[in-house]
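Open the structure in your viewer and keep the selection tool at hand. The tour below goes from one selection to the next.

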Amino acid sequence: MDLQSGTLYWPTTVSKTPEYPELAEDLTCDALIIGGGSSGAQSAYRLAKQGLKVVVVDKRTIGGGSSSTNTALIQYAGDKSLTELTASFGEETAVRHLKLCEQAITDIEEACANIEDQADFIRRDSLYYASTEQDIPALKQEHAILTKHGFKVDYWDEKQITGLYPFRKAGALYYSNDAEMNPLKYIYGLFEQVESLGGKIYCNTEITDKTFEQDQAVFKTKNGHTITAKYVIMAAGYEQAEITPNKNATITSSYVVITKPVSDFTSWYKRALIWETARPYLYMRTTQDNRIIVGGMDQDTDQSLSRDAKIEQGRNMLMNAFHAMFPDIDAEPEYALGAFFAGTIDGLPMIGRNEEYPNCFYIMAYGDNGTVYNMNLSKIVTDVITKGESPDLDLYLRTKPKPLAKQAR
Ligand SMILES: Cc1cc2nc3c(=O)[nH]c(=O)nc-3n(C[C@H](O)[C@H](O)[C@H](O)COP(=O)(O)OP(=O)(O)OC[C@H]3O[C@@H](n4cnc5c(N)ncnc54)[C@H](O)[C@@H]3O)c2cc1C
């Protein structure tokens with residue numbers, strides 16, 4: 001899958017890109033992690049900390065998948081509101097999911113504490129504004145159910161919004177204590193710790209085949225080597241949907257622009273993360289080096305050619321949308337990209353477990369809060385591996401892949 005194209009910002013923020021070798025021998029380990037993005041990094045880190053002998057492989061460079069285009073707004077509220085999730089799954093399940101996501105932000109913060117520059121993790125509030133007046137009743141309903149369950153969120157009317165921002169919106173939810181970070185520094189930092197705990201990490205190493213035996217799995221790489229493991233976590237990102245197709249998974253295209261550094265954020269109250277009730281939605285945040293990231297303009301295409309043909313248009317539309325909201329901020333675009341983006345129809349991320357070999361798991365952290373979801377799912381899967389169970393597995397284990405044939409792809 002051609003995950004993304006255009007110009008990427010995060011690689012320019014890293015002083016030294018870590019280098020990893022291509023696998024050149026057969027290996028045996030406790031746990032094989034397929035995929036060196038944030039799902040793989042968090043899983044490998046948690047297992048290595050528990051003393052498991054971990055091997056990580058990625059067919060690209062480490063962090064070279066969707067994690068390198070991640071705009072890294074770290075929020076617990078997602079594409080589907082708590083009200084909508086309650087309608088689909090019931091209040092108890094929906095609230096449990098949101099609480100786990102809220103906790104995952106703290107887990108990410110704790111993981112960042114041991115990483116150089118703390119991976120630029122900063123707590124930020126989020127402003128979620130009503131795109132139209134018609135969205136106000138749903139926003140008020142969402143506020144009521146969130147506060148009922150102890151989430152720290154306020155409802156703001158038009159007067160409160162215009163008192164703090166240069167734009168006019170009829171109403172908004174103001175969430176406290178979300179976050180932003182640098183996703184590439186985060187991944188590199190986690191893998192550095194995995195290595196220091198004895199884990200082995202390989203890039204340019206594609207898994208192409210597998211067989212399951214009584215109590216071990218044997219995965220083959222494109223260059224002819226084997227990795228034998230008791231536990232396997234497939235953290236292949238959006239490409240997992242090709243390996244284990246799932247009707248709940250959706251692929252669309254999304255656009256991002258990153259500006260040159262700007263000098264004055266006075267009109268941007270608390271530099272909060274900003275998004276809206278429209279679907280698809282516009283979103284924006286600031287960065288450690290005073291840039292602005294604006295994303296959205298999602299297109300319903302999974303064709304990279306048609307996605308890439310619109311990068312320039314996407315950049316211009318995103319900048320226009322930004323200037324319409326912050327006419328006082330003089331921002332010029334510097335980086336622009338188009339990327340595939342995976343979501344789920346029902347709004348929850350997914351864990352798969354191989355029916356033939358239950359020690360093989362699939363993490364599909366699809367949705368707008370992918371980083372939070374993959375922390376959440378990594379925790380659950382690694383708890384099942386190291387403790388034998390997780391009380392939250394059933395929440396996400398809703399789609400069991402069919403028994404696999406020999407071909408992994
Ligand atoms: C434009 C954009 C903006 C986003 N913004 C946000 C945001 O603001 N907040 C948020 O929380 N999330 C956001 N996300 C989602 C977030 O980026 C993803 O959820 C997250 O990066 C996925 O991490 P991952 O490790 O699962 O996937 P990836 O980072 O894609 O890693 C998977 C890796 O698996 C490797 N792989 C695949 N198949 C094989 C194989 N057969 N053998 C070996 N290796 C293989 C790939 O090369 C890849 O490196 C955004 C996504 C996009 C595209």
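Select the shell of residues around the ligand in this predicted model. Colour the shell by class: 17 of its residues are polar, 14 are nonpolar and 6 are charged. In total, 37 residues surround the ligand. Label Ser39, Asp58, Ser67, Thr71 and Thr371, which are the closest.

Next, look at individual contacts with the ligand. Show the side chain of Ser67: an N or O atom there is 2.5 Å from an oxygen atom of the ligand. Now switch to the backbone. At Ser38, a backbone N or O atom lies 3.0 Å from a ligand oxygen atom. At Gly65, the distance from a backbone N or O atom to an oxygen atom of the ligand is 3.5 Å.

How much of the ligand does the protein bury? On its own the ligand exposes 1,000 Å², and the protein buries 98% of that area.

Turn on the cartoon view and pick out α1 (38-49), β16 (333-344) and α10 (370-387). These are the elements that give two or more residues to the shell around the ligand.

Leave the ligand and move to the second largest pocket. Select Val14, Lys16, Glu116, Tyr188 and Glu192, the lining residues that lie nearest the centre of this pocket. The lining has 15 residues, and by class they divide into 7 charged, 5 nonpolar and 3 polar. What volume of space lies in the second largest pocket? The pocket holds about 320 Å³.

Notes
Residues are numbered from 1 along each chain as its sequence is written. This is a predicted model: local features need pLDDT of at least 70, side-chain atom pairs count only at pLDDT 80 or more; totals for chains, interfaces and linings use all residues. Side-chain values use heavy atoms; hydrogens and water are left out. A residue is near a molecule or strand if one of its heavy atoms lies within 4 Å of it. A polar contact is a pair of N or O atoms within 3.5 Å; within protein, one must be able to donate a hydrogen and the other to accept it, and residues adjacent in sequence count only if both atoms are side-chain atoms. Accessible areas come from the Shrake-Rupley method with a 1.4 Å probe; for residues, only the protein chains shown count as cover. Helices (H or I, at least four residues) and strands (E, at least two) are DSSP runs, numbered from the N terminus. Ala, Val, Leu, Ile, Met, Phe, Trp, Tyr, Cys and Pro count as nonpolar, Asp, Glu, Lys and Arg as charged, and the others, Gly among them, as polar. On a 1 Å grid over the protein atoms alone, a cavity is a set of points where a 1.4 Å probe fits but cannot get out, and a pocket is an open set with protein on both sides within 12 Å along at least five of seven lines; lining residues have an atom within 4 Å of a point. Grid points are joined across faces, edges and corners, and a volume is the space filled by probe spheres set on the points.
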